[in-house]
Every structure is written in structure tokens, then in C-alpha cells.
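Q: Hi! I am new to reading protein models and would love a close look at one part, with a walk outward from there.

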Amino acid sequence: MNTGQYDIIGDIHGYADKLHALLEKLGYTKGSGTYSHPKRKVIFLGDFIDRGPQQQEVLDTVMAMVKGHHALAVMGNHEFNALAYHTLDPKDSNAYLRPHLDKNTRQHQAFIDAYGTDSTDPKLRSVLDFFYSLPLWLEIYGLRVVHACWHPKSITFMSDLLNTDNTLSHELLVYASRKGTPVFEAVETLLKGVETTLPNHGSFIDKDGTQRKQVRLAWWSEQPVFWSQATVPPNIISGPIADQRVPSDLELGYSVGSPPVLFGHYWHSGVPEPLRPNAACLDFSVAKGGKLCAYRWSGEHELCQSKFIYV
């Protein structure tokens, strides 16, 4: 019986070769159609799809491991987006919950190329059903796992609405796709992280040269935190705002006394290491030529740099 021996793997985005190489580096072997380990299990952090060239190969591997009880997995924002993209809006039979705008379709094109758009097709239907089976978070043996943000208020709010295994119902997917609703805001926070508008009409120029007023926040930051430290990536804000403290009502910070939490989503680079003694991101930008990263967790409360394994 597994009692807290987990290898948590970050965002894969359709790169099966790197996934298989990482599994083998971690000591998993393939037999009877699936990868397994005699003593350990994987926990996948979501974002299996989009961007990369091996969509089906990734999902074949992940789904077989979950079905064979060799892995657990949580939902990423790309799996949520896929469900919404392929689901008709019950209020408008000519529209989808995620509109088929050029931007949305481009982001999802690698998956469409692999699976098509006919949601009655058995191959696509089985994948969408698998996405529905993914919980929004896991808390197991003293470990917390979520795709983007461990946000207690959103978790408490969603706990009363989700299925008993923390998965979305078809009805809840609809509510979670309606901007401005409490369900939308909670799911956005868990799967995409905390964002806010800069104070005093502040703005910054992003890497694409676009002026933005909304910033993504490092919710794991240590309090008190200044705007220069609070953004993802850090130090994108300059000028007077940079030296101002982030308002306490944004509730940034992850307590040192809390269980360790592992997450993905944030496109990190460089050498993997803990962000806090009990918090680490495992998304190291595999879809941009970076690493596919895992953390080999064996029950420790304080995370160790030596336990990051990557290819």
C-alpha cells in the first residue's frame, strides 16, 4: 500500500517523449500497456494537452496510469478549457461555453489536430470524460496538490458544490464558464491563480510589448510583500508602485506551518528549487524548450532541492 510515496509531475503539454524519459528516470517501467513503480505512484498536475506534438501519446500514458491505479491527477486550466470548448452552451445551441474565437482555437489546435471536434466521437468522448474525472485539488497523506493556486476560500466555497471526489459536474462546468459568477471566480483562482488590478491606475509592459493593468500574483509569497516581489514573473513592475506593499485583503502568503503544497502553471525556468520551505512549482516550461520536472515526495514537511528530478 502506498502511504505517501508520490512523484508529482508538472505540466506536460503534449510532450510524450519527455514524459516517458522522466518516468524512466524515476524508476517506472512499462508493462501490460502502462508505466508503474513497485513502491510509488505519480500525481499529475494537469495541463496534459495543447501546444506540443504528442497529444494522444501523453493522454494514452496518463489515462492508462490513472486507470491502473499507478497515478492520480488533478485538472489543469487547459483540461477545463477543453471541456468548455467542446460543450455547447445550454442557453445558445449555436455557441460553446468557451467561444470558438481564433485565439481560443489557436491555443487548442494541437489537441484538435489529434482528436477533432466531434464530441460524439468515441475517442474524443473518452478523453473528455477523463477530464471530468479530474478533481480540482487533492489533499492526501499530508500533501496538498493543485494546478495553480491553493486558495482556502475558493476551496471551501467549491467543496459544497463539487461532486464528493472534488470533480466538476456538467452543470457546474456551465456555471464555471460564466464570467462574473462566484463559481467562475473560484475555479479561475484554483486553475489559473490570483490576479488583480494594479493600484493608482498602474500598468506594466509584458514580454510581448502589451501594456497591462492586470498582474498575476505569487500567492505563495511571504508576508509582508511589495508589488515588485508579488508578481509572476517578479520585478516586472517599476516606479513608485514597486515599493508599495500589496494590500492584505489579497491574502497572499502560504503559512510555514501549512502542509507542503505542489503546483504547476507558472512557466518557471532555471534550476528547480522550493519557492518556500513548504511550497514548490513544478512547471518548468517544457513547451518552450524547458524541463519536464517532478518532485519525489516521501512524506517530508520541508521540501528539499535534491528531490527535484527533471529531463
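Which residue in E5 does Val-42 stand opposite?

A: Happy to help, and please keep in mind that this is a predicted model. Val-42 stands opposite Ala-71, a residue of strand E5. The strand to look at alongside E5 is E4, which covers residues 41-44, while E5 covers residues 71-73. E4 and E5 pair in the parallel sense, and three bridges link them. To get from E4 to E5, the chain passes through helix H2, residues 55-67, in a β-α-β crossover that is right-handed.

E4 has another pairing to look at. Strand E1, made of residues 6-9, pairs with E4, again in the parallel sense, over four bridges. Here you can find Ile-9 standing opposite Phe-44 of E4.

For a contrast, move along to strands E8 (residues 137-140) and E9 (residues 143-146), which pair in the antiparallel sense over four bridges. In this pairing, Trp-137 stands opposite Val-146 in E9. E8 and E9 form a hairpin with two residues between them, and Tyr-141 in that turn has a positive phi of about 50 degrees.

Positive phi values turn up elsewhere too. Asn-166, a residue other than glycine, has a phi near 65 degrees. Look for Asn-166 in the loop between helix H6 (152-159) and helix H7 (170-176). Its relative accessibility is 18%, so Asn-166 counts as buried, the cut-off for buried being under 20%. Ser-285 is not a glycine either, yet its phi is positive at about 60 degrees. Ser-285 sits in the loop between strand E16 (283-284) and strand E17 (291-297), and it is buried because its relative accessible area is 9%.

While we are in the loops, the peptide bond from Val-232 to Pro-233 is worth finding: it is cis, with omega near 0 degrees. Pro-233 belongs to the loop between helix H9 (227-230) and E14. On the other side of E14 (261-263), the loop that runs between it and strand E15 (279-281) holds Arg-276. Arg-276 has a relative accessible area of 11%, so it is buried. Leaving out residues up to four places away in sequence, Arg-276 touches Trp-220, Ser-221, Glu-222, Tyr-254 and Val-256.

Thr-29 gives you the opposite case. This residue lies in strand E2, residues 29-31, and it is exposed because its relative accessible area is 54%, the cut-off for exposed being over 50%. Not counting residues up to four places away in sequence, Thr-29 touches Thr-34, Tyr-35 and Ser-36.

Now for the empty spaces. Tyr-254, one of the contacts of Arg-276, is also among the residues nearest the centre of the second largest pocket, together with Trp-150, Pro-152, Glu-251 and Gly-253. That pocket holds about 170 Å³ of space and has 13 lining residues. Six of the lining residues are nonpolar, four are polar and three are charged.

Finally, the structure holds one cavity of 30 Å³ or more, and the largest cavity has a volume of about 30 Å³. Among the residues that line the largest cavity are Asp-50, His-78, Arg-98 and His-108. Helix H3 (77-85) and helix H4 (102-115) each supply at least two residues of this lining, and H3 gives the most, with four. The lining of the largest cavity divides into two nonpolar, four polar and two charged residues.

Notes: Residues are numbered from 1 along each chain as its sequence is written. This is a predicted model: local features need pLDDT of at least 70, side-chain atom pairs count only at pLDDT 80 or more; totals for chains, interfaces and linings use all residues. Side-chain values use heavy atoms; hydrogens and water are left out. Two strands pair if DSSP finds at least two bridges between them. A crossover is right-handed if, with the strands pointing away from the viewer, the path from the first strand over the helix to the second runs clockwise. On a 1 Å grid over the protein atoms alone, a cavity is a set of points where a 1.4 Å probe fits but cannot get out, and a pocket is an open set with protein on both sides within 12 Å along at least five of seven lines; lining residues have an atom within 4 Å of a point. Grid points are joined across faces, edges and corners, and a volume is the space filled by probe spheres set on the points. Ala, Val, Leu, Ile, Met, Phe, Trp, Tyr, Cys and Pro count as nonpolar, Asp, Glu, Lys and Arg as charged, and the others, Gly among them, as polar. Buried means under 20% relative accessible area, exposed over 50%, partly exposed in between (1.4 Å probe, protein chains only). Contact means heavy atoms within 4.5 Å.
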